[in-house]
Amino acid sequence: MPVSAEEPASPQREEHERHEQHSERMVRYVFAVGRTAGEPGGADEPGGTDGPLEAAAAGLYGPSGAPVRTVDGPGLSALVSDVPAGLYDESGLKAQLEDLERLEALARSHHAVVAVAYEHATVLPMRLATVYLDDGRVAAMLAERGGEFDALLSRLEGHVEWGVKVYADPREAAAGSASRPSDDGAQPAGGPGRAYLRQRRQQRSSHRDTYRAAGAVAERVTELAGGIATAKVAHRPQQGELAAGPGENIANDAYLVPDGRSEDFQAAIGGLAEDVPGVRVELTGPWAPYSFATPPPAPQEPRTQHTGTADQDHGN
C-alpha cells in the first residue's frame, strides 16, 4: 500500500534507496492517466496551481518505494513512480507475477494509488505492471494515444464501478429443506433402500432448482441494473480461492454507474436473493472503473514495457 510522507520508511522505500545507491537504472511504472489542470474535467484554477493528479500524488509511494509523481503530455498527465529496471524486465516481471506474495503486494500498491487518484479526478487505471523506459517515453505515449484516452475519460466522467456476483449453493438449499419438518410429521414409508433413493432424488431436484433460481436472480440483476447503469462488463465467474464464501459463482458482472445513483443501485440489487434458498448476491463497490477503462493495446517496447493482467479482485 502507498504510505504517507509522515510514516516511517517502509521496506519498499528502503529498497528504492538501496537501488539508487547502487546506481541501478530506473524505469517508469505507470498507474493511471488523467486530464491535466485546465482541461475539461481537470482543475478549474488556472496558472501554476497544482492539478488534481498532483494533489493525489502527494505523499504516495510506488511498489519500489519511490514517490508517485506526474508526467505531462498534451492535455493529459500520467501518475508514475520509478522502479528498478531489473525487477521489470522480462525475467524480473515473470518472477514477480509467479510469486503470489509479491504479486499481491504489487497489486495492492497499484490499486491504492489508483483509488486515491480517483478521489481527486477521473483517471484511467492502467494494467498492472505497465512500464516505460523514461519520462520521455511516457509523454510520447500520452501524445500518441491522447484521442483514445480522452474518449475513455469522457465516458467515465462522473461514474463509478459496482461489482455484482451471484452464487448458487445447493448444499445450503438442501440443508434448509431438510431442517423443515414434513407437513404431517409422519416418517417416510418403505425401507432404508427406498429412503435412500428418495433422498437422492430430492438432492438432484434441489440441485437443479438452486441453479435455476440463481439463474433467475442473475437475470433479474441484469434487468434492474440496466435501468440504472450506463454500461456492463461480464467477467469470467471466479473459482477456487478467488471466489468469496460458499457456493459456485455463476455470474460476475461489473456495472458503470453514475455517481449520483449509487444508492439507487444498492437498493435495487442488494436484497434480491434474501428469500431465495441457496442463492446469494454479493455487491461490491464503488470502485474506480477498472472494467471500463482498459485502453486499446499499445505496441510493446522490447524488454521495457510490460502489461500484466488487470483482473485483481477489487470486486470483479
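Biologist: Which residue in the turn of the S2 and S3 hairpin has a positive phi?

Modeller: This is a predicted model: local features need pLDDT of at least 70, side-chain atom pairs count only at pLDDT 80 or more, and totals for chains, interfaces and linings use all residues. Residues are numbered from 1 along each chain as its sequence is written, and side-chain values use heavy atoms, without hydrogens and water. S2 and S3 form a hairpin with two residues between them. In the turn, the residue with a positive phi, about 80 degrees, is Gly75.

Biologist: How many bridges join S2 to S3?

Modeller: Helices (H or I, at least four residues) and strands (E, at least two) are DSSP runs, numbered from the N terminus. Two strands pair if DSSP finds at least two bridges between them. S2 (residues 69-73) and S3 (residues 76-84) run antiparallel, and Gly73 has Leu76 as its bridge partner in S3. The bridges joining S2 to S3 number five.

Biologist: Which strand gives the most to the largest nonpolar core?

Modeller: A nonpolar core is a set of buried Ala, Val, Leu, Ile, Met, Phe, Trp, Tyr and Cys residues joined through side-chain atoms within 4.5 Å. The largest has 68 residues, and Tyr29, Val166 and Phe265 have the most contacts inside it. With six residues from its run of 26-35, the strand giving the most is S1.

Biologist: Where do the buried residues of H10 lie, on the same side or on opposite sides?

Modeller: Buried means under 20% relative accessible area, exposed over 50%, partly exposed in between (1.4 Å probe, protein chains only). In H10 (residues 262-269), Ser262, Phe265 and Ile269 are buried. Exposed Glu263 and Ala267 sit on the face turned away from that buried side. The buried residues cover an arc of only 60 degrees (from the directions from the helix axis to the C-beta atoms), so they lie on the same side.

Biologist: Which residues does Ala213 contact, leaving aside neighbours within four places in sequence?

Modeller: Ala213 is found in helix H9 (residues 192-226). Its relative accessible area is 22%, so Ala213 is partly exposed. Ala213 and Val276 are 63 residues apart in sequence, yet 7.3 Å apart in space, C-alpha to C-alpha. By contact (heavy atoms within 4.5 Å), the partners of Ala213 are Val276 and Val279.

Biologist: What distance is the polar contact between the side chains of Glu223 and Arg220?

Modeller: Glu223 is also found in helix H9. Glu223 is exposed because its relative accessible area is 53%. A polar contact is a pair of N or O atoms within 3.5 Å; within protein, one must be able to donate a hydrogen and the other to accept it, and residues adjacent in sequence count only if both atoms are side-chain atoms. Between Glu223 and Arg220, the distance is 2.9 Å.
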